[in-house]
Amino acid sequence: MKDNSMSSRIFDAFNCAFLAFLALLCFMPMVHVMALSLSDSVSANTNAVLFLPKGANFEAYKMVFGNPKFLRAFGVSVFRTAVGTGANLLLTILAAYPLSKEANQLRGRTLIVGYFIIPMMISGGLIPMFILISKIGLMDSIWALILPGACNVGYVIMMMNFFRGINKSLLESAVIDGANEFVILFRIVLPMSMASVATIALFCVVAHWNEWFGGTIYLNARDLWPLQTLLKTMMVQLDLTGMRPDEIARIKLLSDRSFRAAQVMFATVPILFVYPFAQKYFIKGVTLGSVKE
Amino acid sequence: MRANTLDARAAAKGAAAGRRPSDWRLYAMLAAPAIIVFIFSYIPIGGVLIAFQNYSPDKGVLGSEFVGLKWFRVFFAMPDSARIVANTVAIAVGKIACSQLASVVFALLLNEVRGAAYKRSLQTITYFPHFLSWVIIGTVFIDMLSTRGLVNQILGAFGTAPKFFLGDPRLFQPTAVLLETWKEFGWGAIMYLAAISNISPDLYEAATIDGAGRLKQALHVTLPGIRGIALMLAVLALGGILNAGFEQILVLYNPSVYETGDIVDTFIYRYGLLDAQFSMSAAIGLFKSLIGLALMLAANWAAARFSDYRVL
Amino acid sequence: MKKTLAIALCFLLALAAASCGGQPVAPSGATSAAPGTSATAASQGSEPSAANVATANGEPTETSEKYFKYYDDPIDLTTHMAFSSTWTWHSADDNENSNGLTRWIKDHTNINFSCSWNAPDDATNTQKLDLAFASNTLPDVIQASSSQIAKYAAAGKLADMGALIEAYGSPLLKYAIQEAQDLTQGTFYLPYSYGGTAYALPIMCDTLVYWWLPYVRGDLLDELGMAVPSTLDEMEAAFAAYKEKHPDGVALGMDNELIGLRTVMAGYEAYPGSWVEKGGQAVYGSIQPEVRQGLERLADWYRKGYLDPEFVTKDMMQLLADAGEGKVFSLYTAWNVIGGNFQDMWANVEGSRLEVMPFPAGPDGKSGIATKVAFSPARAVSAACEHPEALVYLLNQYWDSFYRNNLELRQTMKDKYGYEFHYPVTEVREEINKAEREADPALPSFYDYPEELTGFGYFNDYVSHYSWLYGLTGVVISVANDDFGQVARGAKGEMPAEDMTVSARSTFEGWGSTPQGGQMLATFAEIYDYWEPLMGDSQIFHVDAFTGPTTPAMLERQSYLDKLEAETFTRIIMGTQPIEAFDSFVGEWLANGGEDITREVNEWISSASPL
């Protein structure tokens, strides 16, 4: 891949500049949101905040951190994300591997694929799901947030395609060595698919971490709420609803906009911590043990 | 991914391990996912019947009056329903095409960057917009795209007359598409980067030995290497052909652009404001799903037929 | 707009509920209950009737037996609520099922009052209610909108509220309801009636929530040397002068939902979006010729640059943000913005001042103000509830306790209805944690009422606020309005704070303590002065002829017609379509379901007799 010709270097220069420009386009709005979250209400409400906070105050963050439920909600989110992602990954892998086989290796493959595809597209909607969840006793349980989405067919298809790309001769030699399908899957295929596993894992983590709707519908007990649900509920038109006049003074320090901005921070920053672990698998990640044809 | 087709042909010729009976273990693996899907996706599926009823929750799905295609008729009888569907398809296709293209190009360009640390930080920063909800950045864009906003100022420097992006029906759809592209290209590139990282370096070495420069390598090694993923994402995306990005449209649209900006989901939203009618939204939801499913299967068939690559 | 109304409603209810109502205790007669005195001693100090209060040993009197009830066997009563995560209960161990209020209710009525769920916001609350309806698990007591009530009533899930109140309601409760009936010209129950039966009791509040009005920047008028315009022509002159000096400003604020239309439409007595009586029939306001005139005027103003050329991309919040920047000369919005976004403007823009701009008079000198006077939401009782009357008993308690200190009301009730209040006149206690509250205004207030005297509004903690959360509140409208009148007088310096009722005083001082308190009070005084005389004048005050639930024809076409209307009006104003487009709009509206809808509306009106 090394090419040090002149045209190559010019290209590099332009490329870096162009990508830097793109990165800037993506970064500046984030800076704006962060500035909003740190600004006082008057400025946030009067279009005065651009990239620097005005009237810097931490009221939005204070409200979140000061909320007695915060720690608990954070813990719930972490639990739900970890367990949920684990469940998702497991089920995705278990489904994707057999489906990555050819039709003659897996009898009835087309039917099975059809079985999975149909409910991916056709759904009964919120009401039947709600009734189901309450009937099987998952109401007010964290598992109502983990189990229903545990097998995401979209991810299964993606993983399936990744598995298909693995060199078949590797698998053949393993069979010849006497390995069964479980061994092949977990000892050979999986280690070679870390890029796709990392990707799907990342998608799952982000989805679980940011999901707030399920909590409002299925969890009546607030102690069980994940963080985003808690934040979402704090963000209600809270400036006047139920506030007594003497509380207005304190609330005026905080604006709807700056609180929403803080919410975005809570959604994004934790992902920043998780992300590098996944990223190393797909940036300049060379698959191990590739076999020469 | 080229290996995929070679092996398929090899297996079809009866080479090596193509003929054993299916291993029971494969079915065992499928058991858990199948059960979860059955419980949480198939059992509630009966809810689609609501689309064909005058659903009344106290009577339930089994007891509500059956009205056949009434709600579909109501929707299509509305004078603007054809327009709404057309808008939805136009915007959705535009978004799919544009985003995918941008993601691919970005992934390719990023792949060419030498420094690992620089590469990583670039990639990290570009996924930020994915996390910004339209509710929070909507106002920013409305401001930026106003006739005296930033974008028009820049255009003005090039001598173009100011355009009312979010108020002119002719400009609304491209604007929505471009904004979505900006928001998703970084996140969408992740799949492609993962695929690129899966490409064996031997292929690159072979290409270099054959005298191919960087551009040729990108075109003949990298691009084919991600072709499969691109097709897969396209097919999956077509399943959502009638989801044109509700949140974004709701934040950005307004009465002066209804004719090109009103999509199926915003219609349902406004309809639901009137009176939360379970049946109508179920009917429209079913309509969207069926169209999406049909398209997805068609695309899958076309991909297999014309490019030898099976997605599903 | 509905949301803002709801917010304002809750705000005011909270105001009303947050403190003890009524007038200060008359110094003569030992009505002051010193700590530790028994209830008997206190009651002996107040009005002389022995039937006035439950004695310390719980012996029921004639009054309390009939309208208050202690159940021999404990009963369960469930409800639901929406409780923002930013609020706090009295203590860390409290929650919606166990707090000062629920414990009090248990002790005094033997009702186990609990919540089926506690939603984080109104939207989720509504959705959960629908889901509960769908899964047949409605709570015993619900609060819902008129379309939800209609749905549930049609499915037979609700108890007959009218009958319950008739049978179990106390005279005080009925008196309050009667006031509401008078105010709404007999249509109080209508939005919640189905087949001639009232299924829900609307939550009454003072009438401020309907006060939307045009405002104008008083300081800018001074700068221009002009007076507050009161006709459309005067407005135009003011706009022209304003634009000359501030070419970049917005003379008339408008939002993308065209709520600001009301200002101009008032001048033509046009009522778009509303149903109007014409020649004995109800017709849809938006297709009337007056609206055409209003649109023509607005299109003219848009051409002249008086409106924001990009108003169509801005919602009300954005418009208020622009006002906060100082860019807007006049706009139409709710009264309670003085506690919200206008404070930003006053802080941000040096010398800014708001004045009320009256609804303008049009070419023929008349002015028409449109508003929908309907109390919302309402509370209903599930048909599956075993003790539906329990709610009414609780409401009886509420009204009696909350208004116990209002001597005028006590007298009226006694003279006219023979109703003796259950609770005695009670000395109002000061907060005992005032110092802590000064440091942290969000802390709950603690009082120290003797146990026998506690009741709704007179609890020893933040609990009075909870009554509102449980849907157990309501007002005597005249008293509530009076309170705001006192605040207005106080703002003008006509009434010292000490002379106000406790609730009025707490409002007055609370508002005054906000960062822009002075402006807020001054502007409120103007708003009150403008609106108060209008409220009684039904000539000016147009009430929507149709307050019923969605009709079948509406289900089929209303959303399309609304979209058509929004599109057409917007385009006409912006000039992308000529005014003649209005005429084709009228034709299209009628042809595409409008006629059917009109017919159904008239059917509803003729069949729905005021209850």
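Here's a quick tour of chain C as a whole, followed by a closer look at some salt bridges.

Keep in mind that this is a predicted model.

**Chain C overall**

Let's start with the fold. Chain C has 23 helices and 15 strands. Of its 611 residues, 62% are buried. What share of the contacts in chain C with a separation of 6 or more links residues 24 or more positions apart? That share is 73%. As for the surface, chain C exposes about 22,100 Å², and 50% of that area comes from carbon and sulfur atoms.

**Salt bridges**

Taking all chains together, the count is 35 salt bridges. Three of the pairs are set out here.

| Pair | Closest N to O distance |
|---|---|
| Asp12(A) and Arg214(B) | 2.8 Å |
| Asp322(C) and Lys327(C) | 3.9 Å |
| Lys327(C) and Glu325(C) | 3.9 Å |

**The pair between chains A and B**

Where do Asp12(A) and Arg214(B) sit? Asp12(A) belongs to helix H1 of chain A, which covers residues 6–37, while Arg214(B) is in helix H12 of chain B, residues 214–238. So this salt bridge crosses from one chain to another, and its N to O distance is 2.8 Å. Are the two partners buried or exposed? Asp12(A) has a relative accessibility of 14%, so it counts as buried. Arg214(B) comes in at 10%, and that makes it buried as well. The cut-off behind both calls is 20% relative accessible area, with buried meaning anything under it.

**Lys327(C) and its two partners**

Over in chain C, Lys327(C) pairs with Asp322(C) and also with Glu325(C). The surroundings of these residues are worth a look. Asp322(C) is buried, because its relative accessibility is just 3%. Glu325(C), at 33% relative accessible area, is partly exposed. Lys327(C) itself is partly exposed too, with a value of 32%. Both of these values fall between the 20% and 50% cut-offs, which means partly exposed is the right label.

**A network in chain C**

Which residues are joined into one network by salt bridges that share partners? On the acidic side there are Asp233(C), Glu236(C) and Asp300(C). Arg297(C), Arg303(C) and Lys304(C) complete the network.

Terms used:
Residues are numbered from 1 along each chain as its sequence is written. Chains are lettered from A and ligands numbered from 1 in the order in which they are written. This is a predicted model: local features need pLDDT of at least 70, side-chain atom pairs count only at pLDDT 80 or more; totals for chains, interfaces and linings use all residues. Side-chain values use heavy atoms; hydrogens and water are left out. Helices (H or I, at least four residues) and strands (E, at least two) are DSSP runs, numbered from the N terminus. Buried means under 20% relative accessible area, exposed over 50%, partly exposed in between (1.4 Å probe, protein chains only). Contact means heavy atoms within 4.5 Å. Accessible areas come from the Shrake-Rupley method with a 1.4 Å probe; for residues, only the protein chains shown count as cover. A salt bridge is a side-chain nitrogen of Lys or Arg within 4 Å of a carboxyl oxygen of Asp or Glu.
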